[in-house]
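The following note is offered to a colleague who is beginning to read protein structures. Please keep the sequence and the model in view while working through the points.

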Amino acid sequence: MHPTARLAVRSGLPSVRTARLSRFQPSTLPRVVVRFSSSGSHPQYEFIQVTEPRPGVGQITLNRPKSLNALSTPLITELNTALSSLQSSPTTRTILLTGSPRAFAAGADIKEMAPLTFSSAYLTSFIESWSNLTHTLKKPLIAAVSGHALGGGCELALMADILYCTKTANFGQPEIKLGTIPGAGGSQRLTRAVGKAKAMELILTGKSFSGEEAEKWGVAARSFGSWEELMEESLKTAETIAGYSKVAVQAAKEVVNKSQELGLRDGVEFERRVFHALFGSEDQKEGMGAFAEKRRAEWKDR
């Protein structure tokens with residue numbers, strides 16, 4: 001049995017061999033697949049799909065259905081490449097990351113991890129690249145989670161700026177059951193979201209929690225009753241954000257992220273300086289001018 005399948009069985013998940021991925025109807029959610037030629041500057045992806053479902057919205061879909069989107073180094077490499085490409089794209093303003101109705105990502109690829117030694121993991125900085133997106137991505141990232149988001153899948157979802165999920169989504173950090181601990185930021189981001197006591201309970205027991213609980217505890221911004229509703233509302237939010245000034249949106253993301261690193265006094269001071277800086281942008285003048293003139297703003301992104 002595939003190692004990921006064994007973890008699924010131990011965690012009470014359906015077997016990878018019997019998993020059937022439902023399909024989202026194109027008539028409900030338009031999806032335009034971006035196909036890159038071999039001679040272009042963009043690679044042909046094997047483990048992800050890149051689409052543009054709405055104007056200004058770039059969507060990345062994890063695509064390893066046989067392993068419930070288990071996260072491997074090749075998949076993460078493709079993910080970082082795609083994120084870098086969307087970050088530099090002049091037309092992409094917001095990014096949506098999702099998986100399938102069955103699984104966002106059921107965890108890290110155990111088959112890849114099992115043979116590692118301390119020296120090989122340490123010298124190759126194993127999974128360090130997983131956090132690249134949190135350090136370099138300036139455009140807003142929305143995670144739309146349905147099904148299983150366990151271990152590395154939960155950690156990947158927690159890296160997003162906004163997390164939406166279905167009420168029945170299955171989150172968790174079950175690494176303790178494998179004799180290890182979260183390694184891609186789970187102990188840090190989950191604790192910031194739910195507090196020390198709850199994070200200790202979840203990480204030390206390996207217990208999973210639902211999407212409904214994720215919303216209740218502040219892990220997710222919103223939860224929805226179905227995959228279709230999740231994707232439609234995620235795209236609506238992405239499209240709304242994409243309709244604002246790129247300068248103001250990226251500044252807003254920056255100041256909110258700083259709140260996780262700075263004390264209150266320093267954070268307020270940082271926010272004020274960025275607020276002052278925006279008075280030097282054309283979009284601030286356009287936005288306030290449009291409001292006073294009762295018309296729609298036409299952003300210049302400068």
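1. Which unit do strand 2, helix 2 and strand 3 make? The model under review is predicted, and in it strand 2, helix 2 (residues 73-88) and strand 3 form a right-handed β-α-β unit. The two strands of this unit run parallel, and 5 bridges join strand 2 (residues 57-62) to strand 3. Within that pairing, Val57 has Thr94 as its bridge partner in strand 3.

2. The protein as a whole should be kept in mind. It contains 13 helices and 10 strands. Its chain has 302 residues, of which 46% count as buried. Among contacts with a separation of 6 or more, 67% are between residues 24 or more positions apart.

3. Strand 3 (residues 94-98) merits separate attention, as it is mostly covered, with 5 of its 5 residues buried. Thr94, Leu96 and Thr98 point one way, whereas Ile95 and Leu97 point the other way. Strand 3 also pairs with strand 5 (residues 141-145), in the parallel sense and over 4 bridges. In this pairing, Leu96 stands opposite Ile142 of strand 5.

4. The loop between strand 2 and helix 2 holds Arg64. Is Arg64 buried or exposed? Arg64 has a relative accessible area of 16%, and because residues under 20% count as buried, Arg64 is buried. Its side chain reaches the backbone oxygen of Ala70 at 2.8 Å. Leaving aside residues up to four places away in sequence, Arg64 touches Phe47, Asn69, Ala70, Leu71, Ser72, Leu75 and Asp109.

5. Asn69, one of the residues touched by Arg64, lies in the loop between strand 2 and helix 2. Its phi deserves a check by the reader: Asn69 is not a glycine, yet its phi is positive, at about 60°. Most residues other than glycine have a negative phi. Asn69 counts as buried, at 2% relative accessibility.

6. Asp301 should be examined in the same connection. Its phi is positive as well, near 60°, in a residue other than glycine. Asp301 lies in the segment after helix 13, and with a relative accessible area of 27% Asp301 is partly exposed.

7. Helix 11 (residues 246-258) allows a simple check of geometry. What span should its 13 residues have at 1.5 Å a residue? The expected value is 18 Å, and the end C-alpha atoms are 18 Å apart, so the two agree. At the start of helix 11, a side-chain oxygen of Ser245 comes to within 3.3 Å of the backbone nitrogen of Val247.

8. The surroundings of helix 11 complete its description. Lys246, Val249, Ala251, Lys253 and Val255 are buried in this helix. The buried residues of helix 11 pack against helix 10 (227-242), helix 12 (264-277) and helix 13 (282-292).

9. The cysteines close the review. How many disulfides does the structure hold? It holds 0 disulfides. A disulfide is a covalent bond between the sulfur atoms of two cysteines. Cys154 counts as buried, at 0% relative accessibility, and Cys165 is buried too, with a relative accessible area of 0%.

Key. Residues numbered from 1 in each chain as written. Predicted model: local features only at pLDDT ≥ 70, side-chain atom pairs only at ≥ 80, totals over all residues. Heavy atoms only, no water. Expected span 1.5 Å × (residues − 1). Buried < 20%, exposed > 50% of the residue type's maximum accessible area, 1.4 Å probe, protein only. Contact = heavy atoms within 4.5 Å. Polar contact = N/O pair within 3.5 Å; in protein donor to acceptor, adjacent residues only side chain to side chain. Pairing = 2+ DSSP bridges. Right-handed = clockwise from strand over helix to strand, strands pointing away. Disulfide = S-S within 2.5 Å.
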